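Thanks for coming. I have one structure to show today, and I will go through its overall build, then a few residues, then the empty spaces.

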Amino acid sequence: MTKEELRQEMKARLNAMPLEERLRVTQRILQQARSFLLTVNVQMAAFYMPLPDEVDIVPLIRWWQQRGLPIALPRTLPQEKRLEFRCVSRLEMDLQPGAFGILEPKRSCPLVLPEELDLLVVPGRAFDECGNRLGRGLGYYDRFLKLLPPRTLKIALAFECQIVQRIPTKPNDVPMDVVITEQRILFRPR
């Protein structure tokens, strides 16, 4: 299956998931994620604002902030075809619609450099058991992931139906260290 065929397959799988099941499964994924995050030593974590067909991680962001820990969120720079991350204190006040209609930090929020991130939660269309990731095809996260120091923990939250046997990869693709679904926590083979 090509990457584009796989994207279409994932879109169909996610669209077929009933809303009640999506909500129930999301709660289980968030529970697994919170349990896992309590085991890691992280100061600066970066998250993303989810699209409607992604795991709703906003409750996880709020939980992280309630623990008194800082968060960064991505800001899209379409002219440069890249992401930058900015520190966000108040979700309601610090965000505005961005280039693709996704809420993102205002320019006034403090810039967070890639080397300052201890953990990055990464969105994706599909993942395999080795942590390989298939994005939406624009390459924003692929370019940003290459800037991270090796110590930065890369995590994805996904529905089990987004796990596939194999994702076509290139040598410079950056895999996730951990993929958390409602059924399991997958660690990238070392």
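One term before anything else: a residue is called buried when its relative accessible area is under 20%, exposed when that area is over 50%, and partly exposed in between. What you see is a predicted model, and every value I quote is computed from it.

I start with a helix where that term is needed. Helix α3 covers residues 58-66, and its buried residues are V58, L60, I61, W63 and W64. What do they pack against? The buried residues of α3 pack against two other helices, α2 (19-37) and α4 (91-94). They also pack against the strands β1 (45-46), β2 and β10 (153-157). After α3 comes G68, with a positive phi near 80°.

A little further on is P70, in the loop between α3 and β2. Is P70 buried, exposed or partly exposed? Its relative accessibility is 30%, so P70 counts as partly exposed. Leaving out residues up to four places away in sequence, P70 touches Q43, M44, A45, W64 and C87. W64 is also one of the buried residues of α3. As for A45, it is 25 residues from P70 in sequence, while their C-alpha atoms are 6.8 Å apart.

Now the whole protein. It has 5 helices and 13 strands. For 190 residues, a compact globule would have a radius of gyration near 16 Å, and the protein has 16 Å, so the two agree. Along the principal axes, the C-alpha atoms fill a box of roughly 40 × 35 × 35 Å. Of the 190 residues, 52% count as buried. The accessible surface is about 9800 Å², and carbon and sulfur atoms account for 52% of that surface.

How much of the contact count comes from residues 24 or more positions apart? Among contacts with a separation of 6 or more, such residues account for 66%.

One pair that shows this kind of separation is I167 and N132. They are 35 residues apart along the chain, and their C-alpha atoms are separated by 6.3 Å. I167 sits in the loop between β11 (163-164) and β12 (178-180). N132 is in a loop as well, between β8 (126-128) and β9. Are the two buried or exposed? I167 has 2% relative accessibility and therefore counts as buried. N132, at 18%, counts as buried too, because the cut-off is under 20%.

Their contacts, again without residues up to four places away, are as follows. I167 touches L6, A126, F127, D128, N132, R133 and L134. N132 is in contact with A126, F127, I167, T169 and P175. So A126 and F127 appear in both lists.

That leaves the empty spaces. Rolling a probe the size of a water molecule over the atoms shows where empty space is left. Take the closed space to begin with. A search of the whole structure finds 1 cavity of 30 Å³ or more. The volume of the largest cavity is about 40 Å³. Its lining consists of Y48, E54, V55, P123, G124, F127, L157, A158 and Q162. F127 is the residue we just met as a contact of I167. By type, the cavity lining divides into 6 nonpolar, 2 polar and 1 charged.

Next, the pockets. The largest pocket has a volume of about 460 Å³. It is lined by 22 residues, and those closest to its centre are L51, I102, P123, R136 and Y141. P123 also belongs to the lining of the largest cavity. Which elements give two or more residues to the lining of this pocket? They are β2 (71-77), β5 (103-105) and α5 (140-145). Of these, α5 gives the most, with 3 residues. The lining of the largest pocket divides into 12 nonpolar, 5 polar and 5 charged residues.

The second largest pocket holds about 240 Å³ of space. Of its 14 lining residues, K3, R7, D142, K170 and D173 are the closest to the centre. At least two lining residues each come from α1 (3-16) and β9 (133-134). The lining here divides into 3 nonpolar, 4 polar and 7 charged residues.

That is all I have on this model.

Methods: Residues are numbered from 1 along each chain as its sequence is written. This is a predicted model: local features need pLDDT of at least 70, side-chain atom pairs count only at pLDDT 80 or more; totals for chains, interfaces and linings use all residues. Side-chain values use heavy atoms; hydrogens and water are left out. On a 1 Å grid over the protein atoms alone, a cavity is a set of points where a 1.4 Å probe fits but cannot get out, and a pocket is an open set with protein on both sides within 12 Å along at least five of seven lines; lining residues have an atom within 4 Å of a point. Grid points are joined across faces, edges and corners, and a volume is the space filled by probe spheres set on the points. Ala, Val, Leu, Ile, Met, Phe, Trp, Tyr, Cys and Pro count as nonpolar, Asp, Glu, Lys and Arg as charged, and the others, Gly among them, as polar. Helices (H or I, at least four residues) and strands (E, at least two) are DSSP runs, numbered from the N terminus. The radius of gyration is taken over C-alpha atoms; the globule rule is 2.2 Å times the number of residues to the power 0.38. Buried means under 20% relative accessible area, exposed over 50%, partly exposed in between (1.4 Å probe, protein chains only). Contact means heavy atoms within 4.5 Å. Accessible areas come from the Shrake-Rupley method with a 1.4 Å probe; for residues, only the protein chains shown count as cover.
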